[in-house]
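Please open the model in your viewer and keep the selection panel at hand. The tour below proceeds from one selection to the next.

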Protein chains: 2
Amino acid sequence: MGASKVYIFSDQINEIAQFAKVFAHPARIAIIKFISEQEGCICNDIVEEIGLSQATISQHLTVIGNIGLLKGTFEGKKKCYCLNVERYNEIRMQLDSFFKKTTLNCC
Amino acid sequence: MGASKVYIFSDQINEIAQFAKVFAHPARIAIIKFISEQEGCICNDIVEEIGLSQATISQHLTVIGNIGLLKGTFEGKKKCYCLNVERYNEIRMQLDSFFKKTTLNCC
DNA sequence: ACGTAATATTGCAATATTACGATGATGTAT
DNA sequence: ATACATCATCGTAATATTGCAATATTACGT
């Protein structure tokens with residue numbers, strides 16, 4: 001017990017849950033929002049902006065990156081993060097398609 | 001440590017995270033999907049359909065209901081669940097509006 | 001009132017997540 | 001080479017989540 005019984009659900013359902021999990025923490029939403037608002041990309045500024053430790057921010061960035069939402073390019077020692085807009089829209093579409101299907105034939 | 005530092009984020013961001021959290025478990029997605037597919041409403045069939053214990057399903061239903069997504073009406077001893085489509089669309093819009101804003105001015 | 005069916009709640013064990021300090025790796029400047 | 005800055009990873013403590021058995025609770029039929 002304690003662990004989600006992922007294996008009893010379809011791939012499609014698990015994938016949607018996986019996406020939602022990324023957005024299920026305010027820090028990650030704030031990070032995504034902040035990154036998207038910067039003209040160029042950013043780096044360690046996220047730490048100051050959000051107010052969590054560098055280690056914690058780095059962890060959250062990994063989670064966000066794991067579903068392909070980030071482009072991170074090093075410029076010297078600084079890493080500049082940027083949204084992968086194509087992937088972002090892909091996920092957005094997939095979520096919205098689930099929402100649409102769900103509302104269709106409801107009582 | 002261990003707990004999310006909710007208080008350092010804006011209400012709007014925390015709300016979106018709250019919504020996402022509900023969808024961040026495959027069982028809850030499966031439940032929502034199943035409910036929406038039923039002609040009339042349903043009840044204890046969810047337990048058989050999903051394959052988790054009655055206690056666990058009941059818990060998940062509470063989480064889904066806590067953000068106003070369920071209309072549950074008793075018909076005798078049976079409780080028939082139904083999607084609150086208005087609320088559902090409201091949440092859908094709010095999520096999508098965040099997505100839209102985020103992709104606007106990206107590098 | 002009693003037994004049964006349907007759902008909710010409680011208590012607990014297993015696991016996951018969040019957060020941070022410390023450490024490591026890499027790059028820049030002096 | 002040394003010092004510093006940036007970011008990732010490891011280890012660990014605190015807390016949250018998941019899942020179930022056991023136990024309520026509620027409604028129905030007899």
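Begin with the interface of chain A and chain B, across which eight residue pairs are in polar contact, both residues at pLDDT 80 or more. A polar contact here is a pair of N or O atoms within 3.5 Å; within protein, one must be able to donate a hydrogen and the other to accept it, and residues adjacent in sequence count only if both atoms are side-chain atoms. Helix H1 (11-23), H2, S2 and H5 of chain A each supply at least two residues of the side of chain A that touches chain B. Helices (H or I, at least four residues) and strands (E, at least two) are DSSP runs, numbered from the N terminus. Colour H5(A) separately, since the largest share of that side, eleven residues, comes from H5(A). By class, the side of chain A that touches chain B divides into 25 nonpolar, eleven polar and eight charged residues. Ala, Val, Leu, Ile, Met, Phe, Trp, Tyr, Cys and Pro count as nonpolar, Asp, Glu, Lys and Arg as charged, and the others, Gly among them, as polar.

The model is predicted: local features need pLDDT of at least 70 and side-chain atom pairs count only at pLDDT 80 or more, whereas totals for chains, interfaces and linings use all residues. Residues are numbered from 1 along each chain as its sequence is written, chains are lettered from A and ligands numbered from 1 in the order in which they are written, and side-chain values use heavy atoms, with hydrogens and water left out.

**The extent of the interface**

Next, select the residues of both chains that take part in the contact (heavy atoms within 4.5 Å). Chain A gives 44 residues, and chain B gives 44 residues. About 4000 Å² is buried between chain A and chain B, and carbon and sulfur atoms give 73% of that area. Buried area is the accessible area (1.4 Å probe) that two parts lose on being put together, summed over both.

**The salt bridges between the chains**

How many salt bridges are there between chain A and chain B? The count is two, while the structure holds eight over all chains. A salt bridge is a side-chain nitrogen of Lys or Arg within 4 Å of a carboxyl oxygen of Asp or Glu.

Select B:Asp96 and A:Arg92, whose side chains meet in a salt bridge at 3.1 Å, N to O. This pair crosses between chains, from B:Asp96 in helix H5 (residues 85-104) of chain B to A:Arg92 in helix H5 (residues 85-104) of chain A. Both B:Asp96 and A:Arg92 are buried, a class that requires under 20% relative accessible area; exposed means over 50%, and partly exposed in between (1.4 Å probe, protein chains only).

Then select A:Asp96 and B:Arg92, which form a salt bridge with the closest N and O atoms 3.1 Å apart. A:Asp96 lies in helix H5 of chain A and B:Arg92 in helix H5 of chain B, so this pair also joins two chains. A:Asp96 and B:Arg92 are both buried.

**A:Thr103 and its surroundings**

Stay on helix H5 of chain A and select A:Thr103. Is this residue buried or exposed? A:Thr103 counts as buried because its relative accessibility is 17%. The side chain of A:Thr103 reaches two backbone oxygens: that of A:Phe99 at 3.1 Å and that of A:Lys100 at 2.9 Å. Leaving aside neighbours within four places in sequence, A:Thr103 is in contact with B:Val85, B:Tyr88, B:Asn89 and B:Arg92. B:Arg92 is thus a partner of A:Thr103 and also of A:Asp96.

**A salt bridge within helix H2**

Move to A:Lys33 and A:Glu37, whose side chains meet in a salt bridge (3.1 Å, N to O). Both residues lie in helix H2 (residues 26-37) of chain A, four residues apart, about one turn of the helix. A:Lys33 counts as partly exposed because its relative accessibility is 28%. A:Glu37 is likewise partly exposed, with a relative accessible area of 41%.

**The surface near DNA strand D**

Finally, display DNA strand D with the 28 residues around it, of which A:Gly2, A:Lys5, A:Cys43, A:Asn44 and A:Tyr81 come nearest. Sugar and phosphate account for 69% of the atoms of DNA strand D that come within 4 Å of the protein. A residue is near a molecule or strand if one of its heavy atoms lies within 4 Å of it.

Three atom pairs are listed here for individual inspection:

- A polar backbone atom of A:Asn44 is 2.8 Å from a phosphate oxygen of DNA strand D.
- An N or O atom in the side chain of B:His25 is 3.2 Å from a phosphate oxygen of DNA strand D.
- An N or O atom in the side chain of B:Gln59 is 3.1 Å from a base nitrogen of DNA strand D.

Helix H4 (54-66) and strand S2 (78-83) of chain A, together with helix H4 (54-66) of chain B, are the elements that give two or more residues to the surface near DNA strand D. H4(B) provides the largest share of that surface, four residues. Coloured by class, the surface near DNA strand D shows nine nonpolar, twelve polar and seven charged residues.
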